[in-house]
Each structure stands twice: as structure tokens, then as C-alpha cells.
Amino acid sequence: MAIRNAKDIKKPERSSFLLVGPPGSGKTTQIHTMPGKGFVYGFDANIEAAIMGANCDYETFSGDVLDIDVHPLASKNQEKVKIATSKPPQAYIEFEKSWRKNLESGVLDKYDYWWFDSASTFALLIMDRVQWLNGRLGKHPEQADYTSQMHTFHNVMREALYRHKVVVMTAHEKEKSEKEGTGYKLALTGDLRIRIPLLFGNIFRLENNRGEFSIITVSERDHRYLRNNIRGLPAELDTTITNWDHPRQYGLGRIMVEAGLLPGPAFKTSILVKPGSVATVKKVGPSRPLPPTRRT
């Protein structure tokens, strides 16, 4: 690779966003704000309802129907348990085939962004596959299962994020236990809570306050894993879509357009603060008032 000078950078070759927040905070809804056309890998059961009407192609990989018998956690008792599932879980296998085929054939290259929804359910699909291979499907996961899950998840995302693309992934979060202290953590297991955030340049938290949606872009005490590398982006932005005829005037998509990460329409006002100026407003809305038609 040739030596380059950072002064010549017009925009990053790749950009990545991890959107975290509880269910109902509008993470997947941000697809509607995205300019251009994207490809969505959907792992959540409700993905189609959330993206309906958006300009994106997608594939879904739902969780397999597995054995639902209750099994004891004690290892000595687990050895006596016979698992009823007669065939290996298919969801992760199907994803892996699609991912490899779409990458190698160049199908994914024509899209402006790739979207993975969501990290939490994707991790579960991987665990099903790992436990089948380890002969423990239906039993309580062991350390070897978690280790294999972590490496598989990390390798898939590393391959996606090192391409010259805009990549977005959503992830749920949950409160820490009393032993862990106060605050929140990603709803992922073990080292995945550390490794996955390290791969993303931007980690935003989405909130829903009685139908008013916002994006938080800076780290604070209860959400230390948040970060932002877009210069001039306020700490908090209003992302409530009040006009569904023009959803690209809002949210994550507008942030990307103004930051020059994706092509899109010009706006009358900017949400990015120019260097040297002081932001006086925490929440920033669309460039002009729009009559409400439907809320997300």
C-alpha cells in the first residue's frame, strides 16, 4: 500500500455505525432516512414491518425451531440428556452461504450501504450453529461455545467493515447487574461486548421519549461505549420523523449526507457545527418545519 498524506483525505474510505438502544427506540427505523439504496441482512423477526417502504433490498435469516425441553444446568446431568433436534440449525448456514456468494460475485458492491439488524439476534444464530457442532445444542453454553461464537461474529464483521463501504449494525442494550455496577451494557456475551464496539468508528445511542426520538452521540456515565468521529456533530439530535413523505431529512441518513459519507440532497440549514463556533442547541431538527403525518 502506498504512503499517503492525511491532508489529502476528502472523506474516509469506509464508515461504520453501531446503533444501540432498547427495543422501540427507532434503531431499524433509521433505514428510512438513508440516501441511496442499501442491502439489509435481517435477523430479527419483525424486520420486514420495520423496513416496509424503505429503498433497500434485503434477506432475512430467522432463528430455527429448536428443542424447547427444559434441561438441567449441572454438567453431570447434561450428559444424560438426549437432544430432540434431528438436523443442524440452518439460519447461520444460510447466512454464511448468502454472505459469501454476494461478496464474491460483487452483488453487494452496487449498494450504497450494508445494514445488519441486529447484533443480538445474529449472535444467537451463531450460538445455535456452534453448539450443534460442539454437540451441545439445547444445553447451557460452555466457555468453548462462547469462544467460537465470539470469533465467528468478529470475523464476519471485520470482513464487512474493512471493505470500502458504509456499514451499519444495530444492537440492543441492557442494564448492568448489581455486581457490575450502574449503567448499561450491550446485550452480547463475554468479550463480544468489547470486541464488536472496537470495530465501529461511530457508536450512537437511540432513545424514545413518548414518541419523540433522538440520537445521543457522546459517551456519558451510563453509556461509556458511545463515540463519534464526525466533526461538528452535536451531542444530541432530534430524529423524530414527522413527515414520512420525506424521511431523508431526518436522522442517521441526514448525518451521513452532511458529513459527506453518502451523496444526498442539499439542506437549507446544517446540523453540523462549524469549527470554532459554539453549539447553543442540543437538539437539532429538520431544515424546515414539516406537517406531521405519521410517527415511528
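Helices here are DSSP runs of H or I with at least four residues, numbered from the N terminus. The model is predicted.

**Exercise 1. Describe the surroundings of helix H7 and the residue that follows the helix.**

Step 1. Locate the helix: H7 covers residues 251-258.

Step 2. Check burial, for which the cut-off is under 20% relative accessible area. Eight of the eight residues of H7 are buried, and the helix is mostly covered. Among them are Gly251, Arg254 and Glu258.

Step 3. List the packing partners. The buried residues of H7 pack against strands E1 (15-20), E4 (113-117), E5 (166-171), E8 (202-209), E9 (212-216) and E10 (236-238).

Step 4. Look past the end of the helix. Gly260 follows H7 and has a positive phi, near 80°.

**Exercise 2. Classify the packing of helix H4 against helix H5 and describe the contact.**

Step 1. Take the geometry: H4 (residues 119-133) and H5 (residues 143-161) pack at an angle of about 125°, and their axes are 9 Å apart.

Step 2. Assign the class. The angle makes H4 oblique to H5, because angles of 65 to 115 degrees count as roughly perpendicular and those over 145 as roughly antiparallel.

Step 3. Give the handedness: the crossing of H4 past H5 is right-handed.

Step 4. Name the residues that meet. The H4 side includes Phe122, Ile126, Met127 and Val130, and the H5 side includes Tyr146, Gln149, Phe153 and Val156.

Step 5. Sort the contact by class: 10 residues are nonpolar, four are polar and one is charged.

**Exercise 3. Classify the ring pair Tyr41 and Phe95, and place the two residues in the chain.**

Step 1. Recall what describes such a pair: the distance of the centres and the angle of the planes.

Step 2. Apply the pairing rule, in which centres lie within 6.5 Å and planes over 60 degrees apart count as edge-to-face. By this rule the count is 19 aromatic pairs. Tyr41 and Phe95 have ring centres 5.3 Å apart and planes at 80°, so this pair is edge-to-face.

Step 3. Place the residues. Tyr41 lies in strand E2 (residues 38-42) and Phe95 in helix H3 (residues 91-105), 54 residues apart, so the pair links distant parts of the chain.

Step 4. Check burial. Tyr41 counts as buried at 1% relative accessibility, and Phe95 counts as buried at 1% too.

Step 5. Widen the view. Tyr41 and Phe95 belong to one aromatic cluster that also includes Phe39, Trp99, Trp114, Phe122 and Phe153. Phe122 of H4 and Phe153 of H5 are also among the residues of the contact in Exercise 2.

Note on methods. Residues numbered from 1 in each chain as written. Predicted model: local features only at pLDDT ≥ 70, side-chain atom pairs only at ≥ 80, totals over all residues. Heavy atoms only, no water. Buried < 20%, exposed > 50% of the residue type's maximum accessible area, 1.4 Å probe, protein only. Contact = heavy atoms within 4.5 Å. Axes fitted to C-alpha atoms, helices over the stretch in contact; angles between N-to-C directions. Parallel < 35°, antiparallel > 145°, perpendicular 65-115°, else oblique. Left-handed = near helix turned anticlockwise from the far one by under 90°. Nonpolar A, V, L, I, M, F, W, Y, C, P; charged D, E, K, R; others polar. Phe/Tyr/Trp six-rings, centres within 6.5 Å; stacked < 30°, edge-to-face > 60°.
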